[in-house]
Amino acid sequence: MKIVTQVKLLPDTVQVSVLERTLRTVNDAANWVSEVAFEHGVPREYELRKHTYAELKARGLGAQAAQHVIKKVRDSYATLKANIRAGNLGTEGSKRRRKAESKPVTFRPQAAQPYDDRCLSWQYDQQTVSIWTVDGRVKTVSFACSPDALKMLQAQRQGESDLIERDGVFYLVATCDVPEAEQYEPDGFIGVDLGIENIATASTGYLATGRGLNRYRKRQLALRAKLQKKRTKSAKRRLKARARKEARHAANQNHIISKTIVTEAERTGRGLSLEELKGIRNRVRLRKPQRVALHSWAFAQLGDFIVYKAKWAGVPLVFVDPAYTSQTCAECGHVDKRNRVDQGLFICRGCGVVAHADRNASHNIAIRGENVWNAGRESRVPATP
């Protein structure tokens with residue numbers, strides 16, 4: 001299982017200027033390679049290397065840095081192609097898709113640059129790194145991270161690490177290959193219903209309300225609008241200082257919620273059943289005031305957090321079709337659109353049971369999860385006559 005670990009670099013004044021110049025240089029080179037690739041119809045990496053490697057070396061890039069720049073450009077075009085194929089940039093002939101296909105991929109001056117073990121070495125005891133730059137090798141660049149992150153880096157770090165700059169601060173993002181825990185045989189399943197009013201509702205009774213987070217988001221939205229309207233230097237400075245604050249707050253909430261759910265499943269020896277919410281933004285039709293809430297809530301992030309924490313803990317996990325889970329009675333199975341009276345109330349037209357709407361949906365998700373698990377466990381081999 002791949003887990004990303006981020007450490008904060010603490011370079012001195014001289015090292016900061018060198019790292020800034022290095023990122024600008026490699027990303028300027030990447031933009032040039034992207035133009036060459038676009039002119040030649042985006043050839044394969046080996047052919048692209050023949051067109052660009054000598055020039056990259058002449059620009060002062062080391063051998064490994066040049067290879068990584070070429071690979072970064074080729075990977076960006078592969079990502080663009082995958083997004084087009086998946087329809088993420090609209091249908092063929094749409095304005096957004098034409099714009100993406102009509103020009104080379106560009107890289108910001110602070111875009112991430114990959115490093116491998118030939119151009120980056122870690123000294124864990126001293127908490128320093130030695131890193132390649134355009135001015136040569138820069139040694140003893142200090143970094144800071146939590147004790148758990150340091151332990152993971154020492155034991156499981158593998159592959160490349162990315163150097164990025166964010167608001168004048170440098171980070172190294174390393175990939176760690178953490179072994180998955182062995183899954184146990186679950187004694188039932190916990191269903192988890194995800195939503196906006198209630199972020200997560202578990203069939204165990206756990207309820208993570210979204211009231212506080214939604215109020216926080218509305219305050220942030222109003223404050224951003226107020227600062228953007230002023231258009232003064234101090235307002236722009238405040239906006240920059242608050243950048244990504246809402247995203248960090250939401251990520252922290254998602255970490256807390258996902259850890260609570262996975263810990264409860266592990267403690268009780270049960271598995272987790274989640275809704276398959278992929279593509280929900282394309283499927284759901286909402287009024288304009290509701291779209292802000294839908295598009296600002298990190299559906300995928302909370303799901304990803306639950307998935308990797310469950311794998312880490314060895315908790316069995318299944319995904320189920322969420323269709324009609326909010327209209328189906330968990331007691332008798334009766335399906336009726338009118339069963340869902342309002343956002344929080346469920347009254348079955350068949351048996352008359354009254355329940356919390358999201359909690360009823362979570363029980364349906366738990367039942368479907370157990371059915372999916374049992375179906376996957378059954379043998380599909382015909383019985384021997």
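Trainee: Which residues of α2 are buried?
Mentor: This is a predicted model, and buried here means under 20% relative accessible area. An α-helix has 3.6 residues a turn, so residues three or four places apart point the same way. In α2 the buried residues are Leu-48, Thr-52 and Leu-56.

Trainee: What do the buried residues of α2 pack against?
Mentor: The helix in question, α2, covers residues 45–58. Its buried residues pack against two helices, α1 (13–39) and α3 (63–86).

Trainee: Where does α2 bend?
Mentor: From first C-alpha to last, the 14 residues of α2 reach 19 Å, close to the 20 Å expected at 1.5 Å a residue. The helix nevertheless bends by about 45 degrees. One of the buried residues of α2 is Thr-52, and the bend is at Thr-52.

Trainee: Which strands stand at the edges of the five-stranded sheet, and why is one side of each left without a neighbour?
Mentor: The sheet is open, with mixed pairing and the order β10-β9-β8-β11-β12. Each edge strand has a single partner strand, so one side of it has no neighbour in the sheet. The twist averages 20 degrees from one strand to the next. The edge strands are β10 (207–209) and β12 (317–320).

Trainee: Which residue in β9 does Leu-194 stand opposite?
Mentor: Strands β8 (residues 189–194) and β9 (residues 198–202) run antiparallel and are joined by three bridges. Opposite Leu-194, in β9, stands Ala-200.

Trainee: At what angle to β8 does helix α8 run?
Mentor: Helix α8 (residues 245–268) lies across β8, β9, β10 and β11 (271–275). Its angle to β8 is about 165 degrees.

Conventions: Residues numbered from 1 in each chain as written. Predicted model: local features only at pLDDT ≥ 70, side-chain atom pairs only at ≥ 80, totals over all residues. Heavy atoms only, no water. Helix = DSSP H or I, 4+ residues; strand = E, 2+ residues; numbered from the N terminus. Expected span 1.5 Å × (residues − 1). Bend = angle between axes of the 7 residues up to and from the residue. Buried < 20%, exposed > 50% of the residue type's maximum accessible area, 1.4 Å probe, protein only. Contact = heavy atoms within 4.5 Å. Pairing = 2+ DSSP bridges. Axes fitted to C-alpha atoms, helices over the stretch in contact; angles between N-to-C directions.
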